[in-house]
Amino acid sequence: MQFKHVTLEFDGAVAILKLDHQEVMNAVSVDMLGGLSDALDAIEEKKDEVRCVVLTGAGRAFCTGANLQGRNNQSKKTKAGLTLETGFHPFLRRIRNLHCPIVTAVNGPAAGAGMSFALLGDMILCARSSYFLQAFRRIGLVPDCGSTWLLPRLIGKARSVELSLMGERLPAEKALEWGLVNRVYDDGVLMEEAMKLARDLASGPTVALSLIRKLYWDSPENSFEEQLNLEFQCQLRAGDTQDFREGVGAFLEKRPAKFNGK
């Protein structure tokens, strides 16, 4: 399926969402944000079938941030950042609240907003040649798209501030060493490994995996007592599923579980 600067494919229970504006290395425009919204609509229409999403980039880049073409010709009254609340933020919120796990396959540069998009993955896989870049200071802007919330929680304040103030590239191998990403693969096998992982997640207990996402997203905002209560509520929901009963039965019978996502 083709949307504006976005491609969506379905491989069984896995949806492959690809940023696809290769002429600008998949930089994000208002048009692309519209395409992403339409693609998420299509995924949600197949909510009962899609059990994992892979987010990646077409060509040699994952996403190089916001598309700045034509910005220097805009009226001086046009304020930078206005598209955050109207375009970027709705997409970020929808990704956070998606019903299934997300695997990001970072196949090249992930800069600015593209870095935030990459870090939204539940599992973040990188090509060995890829890198991350907080590029905002190089154009006189501040980090956005949730990066100042995500980065300190992933790698601590010191490293987060350094990335943003210095605007230096963070290679995939160093990102792995810092605990920012999960795995690094040779470029030629990245998508193969991403799909292998996505299919594994897609064959898992859908409700439980969705609730695991929720628990970890909500955890930074909660006190210990609040998190205990949330775990309790989520466990009640997970324990009321067919997949829980199948999982216990498979464990007792010493066989692989066959989850149906219900």
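**View 1. Two domains with their C-alpha centres 27 Å apart.** This is a predicted model, and the domain assignment splits the protein chain into domain 1 (2-203) and domain 2 (206-253). Where they meet, 15 residues of domain 1 are in contact with eight residues of domain 2. About 1000 Å² is buried between domain 1 and domain 2, and carbon and sulfur atoms give 52% of that area.

**View 2. Salt bridges and polar contacts between domain 1 and domain 2.** Have a look at the charged pairs here: there are three salt bridges between the two domains. As for polar contacts, the rule picks out nine residue pairs across the interface of domain 1 and domain 2, with both partners at pLDDT 80 or more. On the domain 1 side, the elements that give two or more residues to the surface touching domain 2 are helix H2 (82-96) and helix H4 (147-155). Of the elements on that side, H4 gives the most, with three residues. What kinds of residue make up the side of domain 1 that touches domain 2? They divide into nine nonpolar, two polar and four charged.

**View 3. The salt bridge of arginine 153 and glutamate 221.** Zooming in on this pair, the closest N and O atoms of arginine 153 and glutamate 221 are 3.9 Å apart. The cut-off for a salt bridge is 4 Å, so a pair at 3.9 Å counts as one.

**View 4. Threonine 7 in strand E2 (residues 6-11).** Is threonine 7 buried or exposed? Its relative accessible area is 11%, and because buried means under 20%, threonine 7 goes down as buried. The side chain of threonine 7 makes a polar contact of 3.2 Å with the side chain of glutamine 2. Leaving out residues up to four places away in sequence, threonine 7 touches Met1, Gln2, Ile16, Leu17, Lys18 and Asp20.

**View 5. Glutamine 134 in the loop between strand E8 (131-133) and H4.** Here the relative accessibility of glutamine 134 is 1%, so this residue counts as buried, the limit being under 20%. Which side chain does glutamine 134 pair with in a polar contact? That would be serine 164, with a polar contact of 3.4 Å joining the two side chains. Set aside residues up to four places away in sequence, and glutamine 134 touches Gly112, Met115, Pro143, Ser147, Leu151, Leu163, Ser164 and Gly167.

**View 6. Methionine 25, a residue other than glycine with a positive phi.** The backbone is the thing to look at here: phi of methionine 25 is near 55 degrees. Where does methionine 25 sit? Its place is in the loop between strand E3 (14-19) and helix H1 (30-45). With a relative accessible area of 24%, methionine 25 is partly exposed, because the value falls between the 20% and 50% limits.

**View 7. Lysine 254 in the segment after helix H10 (242-252).** Lysine 254 is not a glycine, yet its phi is positive, at about 55 degrees. How about its surroundings: is lysine 254 buried or exposed? Its relative accessible area is 76%, and since exposed means over 50%, lysine 254 is exposed.

Notes: Residues are numbered from 1 along each chain as its sequence is written. This is a predicted model: local features need pLDDT of at least 70, side-chain atom pairs count only at pLDDT 80 or more; totals for chains, interfaces and linings use all residues. Side-chain values use heavy atoms; hydrogens and water are left out. Domain bounds come from an automatic or database domain assignment. Contact means heavy atoms within 4.5 Å. Buried area is the accessible area (1.4 Å probe) that two parts lose on being put together, summed over both. A salt bridge is a side-chain nitrogen of Lys or Arg within 4 Å of a carboxyl oxygen of Asp or Glu. A polar contact is a pair of N or O atoms within 3.5 Å; within protein, one must be able to donate a hydrogen and the other to accept it, and residues adjacent in sequence count only if both atoms are side-chain atoms. Helices (H or I, at least four residues) and strands (E, at least two) are DSSP runs, numbered from the N terminus. Ala, Val, Leu, Ile, Met, Phe, Trp, Tyr, Cys and Pro count as nonpolar, Asp, Glu, Lys and Arg as charged, and the others, Gly among them, as polar. Buried means under 20% relative accessible area, exposed over 50%, partly exposed in between (1.4 Å probe, protein chains only).
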